[in-house]
Amino acid sequence: MKFLIVFVALFALALAAPAEVQNLRLASEVGPESYKFGYENSDGASHDEQGVVKNLGADNEGISVTGSYKFIGDDGVIYEVTYIADENGFQPQGAHLPVAPSV
């Protein structure tokens, strides 16, 4: 009887264990004035981003980045964020993110 209880408990733990996440896509390209990368995993997570140098050689030279990422939260909901990062800072957008009141 003890063997059966231990076996059932171990079987239940095996079923509850999270599956190993597999990488489905991974790509990157890096150049002297731009880059882009992306990945997608079997758990639903993904991230794509690209950046480019703006005003090359000028005093206000900088990089402008755009991208998005997605993941499944602990509540089972898929969350997605798109963003821009440039001279105006990091600017994320997503249906689940709070929006500051307009002034």
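How many residues lie between β1 and β2 in the hairpin they form? The count is three. The legends below describe close-up views of a predicted model.

**View 1. The hairpin of β1 and β2.** Strand β1 covers residues 23-30 and strand β2 covers residues 34-41. The two run antiparallel and are joined by seven bridges. One of the pairs places Leu26 opposite its bridge partner in β2, Tyr39. Three residues separate the strands of this hairpin.

**View 2. The hairpin of β2 and β3.** Strand β3, residues 46-54, runs antiparallel to β2, and seven bridges join them. Ser34 has Val52 of β3 as its bridge partner. Between the strands of this hairpin there are four residues, and Gly44 adopts a positive phi near 95°.

**View 3. The six-stranded sheet.** The sheet is open, and its strands follow the order β1-β2-β3-β4-β5-β6 with antiparallel pairing. Its edges are β1 and β6 (89-93), each of which pairs on one side only. Ignoring direction, neighbouring strands of the sheet are turned against each other by 10° on average. Strands of a sheet pair through backbone hydrogen bonds, in either a parallel or an antiparallel manner.

**View 4. The pairing of β5 with edge strand β6.** Strand β5 spans residues 78-86 and is joined to β6 by five bridges. These two strands run antiparallel. Thr82 finds its bridge partner in β6 at Gln93. On its other side β6 has no paired strand, as it is an edge of the sheet.

Methods
Residues are numbered from 1 along each chain as its sequence is written. This is a predicted model: local features need pLDDT of at least 70, side-chain atom pairs count only at pLDDT 80 or more; totals for chains, interfaces and linings use all residues. Side-chain values use heavy atoms; hydrogens and water are left out. Two strands pair if DSSP finds at least two bridges between them. Axes are lines fitted to C-alpha atoms, for helices over the stretch in contact, and angles run from 0 to 180 degrees between N-to-C directions.
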